[in-house]
Amino acid sequence: MMNRRQVLRTTVAGGGLLVLRNGMLKGADAPSNKLNVALIGVWGRGGAHQDGLSKENVAALCDVDENHLAEAAKRFPQAKTYVDWRKCLEQKGLDAVVCCTTDHTHAFIANWAMNRGLHVFCEKPLGNSVEEVRVVRANYLKNKGKLATQVGTQRHSHPNFNRVRELIRDGAIGELKRVCAWGDRQIRRPGYLPAQGDPPKHLNYDLWIGPSPHHPYNPGYFSGGPGANCLQWNMYWDFGSGQIGDMGSHTMDLAWNALDAGLPTSAEAKGEKFNPEVTPVELEMHCEVPANDWRPAIRVSWYQGGAMPKSPAWVNLKTIGHGVMFTGSKGVLVADFGARLIIPSGDAADMTYYTPRPKEKVIPPMGDFLNEWINACKGNRRTSCDFDYGGKMIELMLLGLVAYRVGQKIEYDGVAGRVTNSDEGDGLLKRQYRPGWSLNG
Ligand SMILES: NC(=O)c1ccc[n+]([C@@H]2O[C@H](COP(=O)([O-])OP(=O)(O)OC[C@H]3O[C@@H](n4cnc5c(N)ncnc54)[C@H](O)[C@@H]3O)[C@@H](O)[C@H]2O)c1
């Protein structure tokens, strides 16, 4: 006898109808083939996912803001509602979780959900420390093939991502030597906001703070528009990682998709003066990434907040807000999310070394990003930005922040997850939590 999940998987993988022993037909659109989803963080980014989830059975809604919760409950009246995600994850019969909360709770929710056998779509960034993203990745790898996961880097579905990958893999710039990604977003804050009044009744502020050290309430943390409120809190160390986790998650993904990279062996970084409360605006970091079977070891760099890689001839990189530059033995490829440009390096670069792919070898479009995950939950569990792919990428970025804090080049053992030449750096791979919160519960 198949359980409900096996039925889901079989009907969708087969794309058709299944005759059960009791004679009932189960088609892909039958109510029993819908995922029972918990949406945690229902407004803002969570609101943006509601349309995509409305074809499934949204069985649980969770938000620390009871006004947001009440609004979402109007759209999904059948859903049970919660203010504490730990309670929400106890609900029986769930299949999957979509997590759209603050960055400092992502890894917690992802781990708890996977530990309960649930598929997870988690908004970027996957965690707020190297340790957090490593635990998430380990939990995913333990469940690979059973659980479908996706980091919410939906720009990945832009066709340009795979056009760039094809050009790099097919040798359009010769042998790959170096990759630089950058972003110019600058949001400067002096420190945590001062205490200002009491939290409103509809806001469970203590749950919003969650595992992080306490900071007094200030309405400023909640003053942004839907989908942009993260810009009111993601620069503070206890709530986010600044542009590393914000646009860095999207922009480095454009590079990462073309690299087939593992974890770095070292990281170094420099930027503006360290502020113990706020992540740096201006920063550059450089990581050594080992060779693989098609390219040598390369340097992967990230620049933000005004720091920029040197522009190649003919292109002023500063005109590209968020972009990537690949440098190869025979030229340079510059790209943003929607466009790409190849500059062969000099007269010797005659492009004879490069053959465009025939149409049938071009990587097919991935389609809707959220839907890829929904289908994977019901089918083969494979997604483009699973917690292994996306986890390693954000681990590299967060390691760069550790190097920045230590102020020296750090050597990294990616198997053990240890900084091997700095005790301080090794300690900074983890964050401190308030008592009562467990990362891997
Ligand atoms: N993929 C993208 O393009 C994209 C765009 C915007 C935001 N994001 C990501 O989405 C996440 C949310 O960003 P936002 O701007 O919507 O933030 P937000 O501050 O508006 O929070 C979204 C919702 O989550 C709720 N929430 C916060 N903490 C919670 C908790 N512990 N438990 C339950 N509910 C909680 C809030 O009350 C709110 O309703 C961030 O991690 C951000 O990085 C991604």
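Which residue of strand 17 stands opposite tyrosine 412? Valine 419 does, and the first view below shows the strands that hold this pair. The model is predicted, so local features need pLDDT of at least 70 and side-chain atom pairs count only at pLDDT 80 or more, while totals for chains, interfaces and linings use all residues. Residues are numbered from 1 along each chain as its sequence is written.

**View 1. Strand 16 and its two partners.**
Helices (H or I, at least four residues) and strands (E, at least two) are DSSP runs, numbered from the N terminus. Two strands pair if DSSP finds at least two bridges between them. Strand 16 (residues 410-413) and strand 17 (residues 418-419) pair in the antiparallel sense over 2 bridges. Their hairpin has 4 residues between the strands, and there glycine 417 takes a positive phi near 70°. Strand 16 is also joined by 2 bridges to strand 10 (residues 266-271), again antiparallel; here serine 266 stands opposite glutamate 411. Now look at the two faces of strand 16: Ile410 and Tyr412 are on the covered one, Glu411 and Asp413 on the uncovered one. In a regular strand the side chains alternate between the two faces of the sheet.

**View 2. The mixed sheet and two helices beside it.**
Follow the order 15-14-13-9-12-11-10-16-17 to walk across this open sheet of 9 strands, whose pairing is mixed. Its edge strands, each pairing on one side only, are strand 15 (340-344) and strand 17. Helix 10 (residues 247-256) packs on the sheet and touches strand 9, strand 12, strand 13 (322-328) and strand 14 (331-335). Being in contact means that the C-beta atoms of two residues, placed from the backbone, lie within 7 Å. The direction of helix 10 makes about 155° with that of strand 9. Axes are lines fitted to C-alpha atoms, for helices over the stretch in contact, and angles run from 0 to 180 degrees between N-to-C directions. Helix 12 (residues 389-406) lies across strand 10, strand 11 (283-289), strand 12, strand 16 and strand 17, running at about 60° to strand 10. Strand 9 (residues 176-183) and strand 12 (residues 298-304) run parallel and are joined by 6 bridges, with valine 179 and valine 300 as one pair of bridge partners.

**View 3. The parallel sheet.**
Here 6 strands form an open sheet in the order 5-4-3-6-7-8, and the pairing is parallel. At the edges are strand 5 (80-82) and strand 8 (149-151), each pairing on one side only. Neighbouring strands of this sheet are turned by 15° against each other on average, direction ignored. Strand 6 (residues 96-99) pairs with strand 7 (residues 119-122) over 4 bridges, and valine 98 stands opposite phenylalanine 121.

**View 4. One face of helix 4.**
Which residues of helix 4 (residues 66-75) are buried? They are His68, Leu69 and Ala72. Seen down the helix axis, these buried residues fall within an arc of 100°, so they line one face of helix 4. That arc is taken from the directions from the helix axis to the C-beta atoms. An α-helix has 3.6 residues a turn, so residues three or four places apart point the same way. What covers the buried residues of helix 4 includes strand 4 (57-62) and strand 5. A residue is buried if 20 or more other C-beta atoms lie within 10 Å of its own, exposed if 12 or fewer, and partly exposed in between, with C-beta atoms placed from the backbone.

**View 5. Around the ligand.**
Among the 29 residues around the ligand, Gly41, Trp43, Gly44, Arg45 and Asn229 come nearest. A residue is near a molecule if its C-beta atom, placed from the backbone, lies within 6 Å of it. Helix 2 (45-48), helix 6 (103-115) and helix 9 (205-209) are the elements that give two or more residues to this shell.

**View 6. Helix 11 and asparagine 375.**
Helix 11 (residues 369-378) holds asparagine 375. The helix is mostly covered, with 7 of its 10 residues buried, among them Phe369, Trp373 and Ile374. Why does asparagine 375 count as partly exposed? The reason is its 19 C-beta neighbours inside 10 Å.

**View 7. Lysine 34 in its loop.**
Lysine 34 is found in the loop between strand 2 (25-26) and strand 3 (36-40). Leaving out residues up to four places away in sequence, lysine 34 touches Glu56 and Asn57.
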